[in-house]
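Student: Could we take a close look at one part of this model together?

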Amino acid sequence: MRNKFKLTLSYDEVRVLVFALNELRNELIAENRYTDAVDDILVKLMD
C-alpha cells in the first residue's frame, strides 16, 4: 500500500519544478527514452 501525501508549493516553487521536469523530459526525448513518468508528474502539477 502506498502512502499518499499532499505537497503545498508556492507559485515560484511550482515554476522551478516544472522547468526542471521539462528539462528532464527533453533529455529523455533526446535519448529516445520513455517520458511517461515525467509526463504524469507534470499533469498532476497542473491540477
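Student: At what angle do helix H1 and helix H2 pack, and how far apart are their axes?

Tutor: Happily! This is a predicted model, in which local features need pLDDT of at least 70, side-chain atom pairs count only at pLDDT 80 or more, and totals for chains, interfaces and linings use all residues. Residues are numbered from 1 along each chain as its sequence is written, and side-chain values use heavy atoms, with hydrogens and water left out.

Helix H1 spans residues 11-30 and helix H2 residues 36-46; they pack at about 155°, their axes 10 Å apart. Helices here are DSSP runs of H or I with at least four residues, numbered from the N terminus. Axes are lines fitted to C-alpha atoms over the stretch in contact, and angles run from 0 to 180 degrees between N-to-C directions. That angle makes H1 roughly antiparallel to H2, a term for angles over 145 degrees. H1 also passes H2 in a left-handed crossing, meaning that the near helix is turned anticlockwise from the far one by less than a right angle.

Now the residues: from H1, Leu17, Val18, Leu21, Leu24, Arg25 and Leu28 meet Val38, Asp39, Ile41, Leu42, Leu45 and Met46 of H2, where contact means heavy atoms within 4.5 Å. By class, this contact of H1 with H2 has ten nonpolar, no polar and two charged residues. Ala, Val, Leu, Ile, Met, Phe, Trp, Tyr, Cys and Pro count as nonpolar, Asp, Glu, Lys and Arg as charged, and the others, Gly among them, as polar.

Note on methods:
Helices (H or I, at least four residues) and strands (E, at least two) are DSSP runs, numbered from the N terminus. Angles under 35 degrees count as roughly parallel, over 145 as roughly antiparallel, 65 to 115 as roughly perpendicular and the rest as oblique.
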